[in-house]
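Me: Please take one small part of this model and look at it closely. Then work outward from there, and explain each term when you first use it.

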Amino acid sequence: MILSLAAAMSSGGIPQNTTSSSTFDPSSLDPWLDPYPDPYPDLPGVNASSSAVPGRTYNSDLDLRPLTSQQDVSPWDVALCVTGTLIACENTLVIAVLFYTPTLRAPMFILIGSLAFADLLAGLGLILNFVFTYLVEGEVVTLVATGILIAAFSASILNILAITVDRYLSLYNALTYHTERTVLFTYLVVGVIWLVCLVLGVLPALGWNCLDDQSTCSVCRPVTKSNAVALAVFFLLVFALMMQLYLQICRIAFRHAQQIAVQHQFLAISTTKGVQTLSVILCAFAMCWLPFAMYCIVADSSYPIIYTYTTVLLAACNSVINPIIYAFRNPDIQKGLWLACCGCVPSNLSLRPRARTSSNV
């Protein structure tokens, strides 16, 4: 009976070598079966770390199923892509109104158009970064997306600085402002701004990147740590200059209000509103860009990526609010929007005097 049982077991295909010293070889099993089955197939999220196998990659501490070959889409990347789409739509509208309204050709509107184009490019850069991350692979496309974002955001910051300088000159040289600030001079300023930003944008493609040495990466790969610090310091200098100019604007506005006693009440109210507007502009600019600039200085690629996403998303929000601050609040642009959308202008806008000074932007 024992011999017949042994013969039956042998004919059933059970391996003969079943000594205690033998090791289990997963390759001997059916290749379509998982040699390490999930011990809790019906309880997703159960912490089964005791059954984890060394050398295998899992989704998280609470999910020990192996990662698939398909790359998971990060919700942060989706948020940046959606923000980029909103930025592109807003600034496309501003550019369209400026382009199809012949009366909006003053120097201040040229600066607003340059700012809108920079923010539009930033929005497209965020969209392209999402596409290149999940749909197209390669170092070249990574460098292209990085260069577009660096050039666009640098141009956005420098155009905001140019608008600030224009506001200051419109108050400091109120009598000669319109004769000194010609359209040609404004175009030259815009050209210099974009030339500087294009140079900054092509630097990663010229070798200023960390693709060959990952240890030198900053919080924004493939920008190196030293380059990120240089760009952050550049931003801090621009912000300090903007604060100084806005302080001078406030002093000049208050001095003008004190010199004209007849319109004291009117000018006091107008000056108070102007100071509040300048405060909103500075606070919005600082809240959006200061966290990212300071984080680039103190952090490196070893820091948690969630901090990078948070600060970058805040910085991108500045391009969302720029059209609201510098374009949509302007009465002339509001008239253009109403004419483009519904073919008419509200009475409260048609009765306003046309804004010709930069301080009204």
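Reply: Leaving aside its neighbours within four places in sequence, Ala152 is in contact (heavy atoms within 4.5 Å) with Ala118, Leu121 and Ala122. The model is predicted, so local features need pLDDT of at least 70 and side-chain atom pairs count only at pLDDT 80 or more, while totals for chains, interfaces and linings use all residues. Residues are numbered from 1 along each chain as its sequence is written, and side-chain values use heavy atoms, with hydrogens and water left out.

Ala152 belongs to helix α4. Helices (H or I, at least four residues) and strands (E, at least two) are DSSP runs, numbered from the N terminus. Is Ala152 buried or exposed? Its relative accessibility is 0%, so Ala152 counts as buried; buried means under 20% relative accessible area, exposed over 50%, and partly exposed in between, with a 1.4 Å probe and protein chains only. Between the C-alpha atoms of Ala152 and Leu124 there are 9.4 Å, although the two residues are 28 apart along the chain.

Next comes the helix around this residue. Helix α4 covers residues 139–172 and packs with helix α6, residues 183–202, at an angle of about 150° and with the axes 8 Å apart. The axes are lines fitted to C-alpha atoms, for helices over the stretch in contact, and angles run from 0 to 180 degrees between N-to-C directions. The angle therefore makes α4 roughly antiparallel to α6, where under 35 degrees is roughly parallel, over 145 roughly antiparallel, 65 to 115 roughly perpendicular and the rest oblique. Their crossing is right-handed: the near helix is turned clockwise from the far one by less than a right angle, and anticlockwise would be left-handed.

On the α4 side, the residues that meet α6 include Gly147, Ile150, Ala151 and Ser154. On the α6 side they include Ile193, Trp194, Val196 and Cys197. This contact of α4 with α6 holds ten nonpolar, four polar and no charged residues. Here Ala, Val, Leu, Ile, Met, Phe, Trp, Tyr, Cys and Pro count as nonpolar, Asp, Glu, Lys and Arg as charged, and the others, Gly among them, as polar.

Helix α4 also has a residue that meets another helix, α9. That residue is Ile160, within residues 139–172 of α4, and it is in contact with Asn318, which lies in α9 (residues 305–328). Apart from neighbours within four places in sequence, the contacts of Asn318 also include Ala284, Phe285, Cys288 and Trp289. With a relative accessible area of 2%, Asn318 is buried.

Helix α9 packs with α2 (residues 75–99) at an angle of about 15°, their axes 10 Å apart. So α2 is roughly parallel to α9, and the crossing of the two is left-handed. Among the α2 residues in this contact are Trp76, Asp77 and Glu90, which meet a set in α9 that includes Ile306, Tyr309 and Phe328. By class, the contact of α2 with α9 has 17 nonpolar, four polar and two charged residues.

As for the whole chain, the protein has eleven helices and two strands. Of its 361 residues, 38% count as buried.
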